[in-house]
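User: Please look at the entry below and explain how its labels follow from the coordinates.

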Amino acid sequence: MNIILLGPPGAGKGTQSERLVAEHGLVQLSTGDMLRKAIADGTELGLKAKAIMDAGELVADDIILGMIRERLQSPECAKGVILDGFPRTIAQAEGLDAMLAEMGLKIDHVIEIRVDEDALIKRIETRAAETGGARSDDNPEVLAKRLKVYHDNTAPILPYYREYGNMSFVDGMQSIETVASAIGEILGGQRN
Ligand code: ADP
């Protein structure tokens, strides 16, 4: 089973992905986590990505698509994946489709986590305080930029997936538990 979780920064995609990993044995593919690892490892990609991420902008589509391709091909992903933070642009969504067709795979569910923006700002402020500023992009200025980039570049892929079918949404303003059960209902009895 392959799932895409969509939603703005701070919507709870990462939190819900972790639960899906535990409950459904899926592998979480978070492009944000992959990029942060590249930064921590000091790779060439990491060096390039850091400035872009710190500015709240998007890393180039071909780099992102290359990272996803590499992971999708690995045997650990055979049971299925949760795409978290990807695709973020129409070009990434189209690139993903082409890649999946080539690999004989498909997306089973696209789930949008909807939240209101004031709540997002508060959530990210809380996350920044709790993690002691571990993420250099969790500050009010960069968050405003990330939200703008979400509206300009990522929200346009919602209609793309509505056409695609199997698109649902959950109300992300509810508790983590309630959001998790709403996602569970969408996935139905499918275990992997
Ligand atoms: P959040 O969803 O909280 O904004 P992420 O961890 O998904 O955080 O992403 C952090 C940053 O990493 C983004 O602001 C962007 O710079 C970069 N990034 C992550 N995923 C992508 C992607 N699919 N395409 C382009 N840039 C990305």
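User: Which polar backbone atom lies 2.5 Å from an oxygen atom of the ligand, and what makes this a polar contact?

Analyst: The model is predicted, with local features needing pLDDT of at least 70 and side-chain atom pairs pLDDT 80 or more, while totals for chains, interfaces and linings use all residues. Residues are numbered from 1 along each chain as its sequence is written, and side-chain values use heavy atoms, with hydrogens and water left out. The polar backbone atom belongs to Glu57, and a polar contact is a pair of N or O atoms within 3.5 Å (within protein, one must be able to donate a hydrogen and the other to accept it, and residues adjacent in sequence count only if both atoms are side-chain atoms), so the 2.5 Å pair qualifies.

User: Which residue offers a polar backbone atom to a nitrogen atom of the ligand, and which offers its side chain to an oxygen atom?

Analyst: Val59 does the former, at 3.0 Å, and Arg135 the latter, through an N or O atom at 3.1 Å. The protein covers 96% of the 550 Å² of accessible area that the ligand has on its own (Shrake-Rupley method, 1.4 Å probe).

User: Why is Asp108 called buried?

Analyst: Its relative accessibility is 11%, and buried means under 20% (exposed is over 50%, partly exposed in between; 1.4 Å probe, protein chains only), so Asp108 counts as buried. Asp108 lies in the loop between α5 (90-103) and β4 (109-114), where its side chain has a polar contact of 2.4 Å with the side chain of Lys106, and a polar atom of that Asp108 side chain lies 2.7 Å from the backbone nitrogen of Asn2.

Methods: Helix = DSSP H or I, 4+ residues; strand = E, 2+ residues; numbered from the N terminus.
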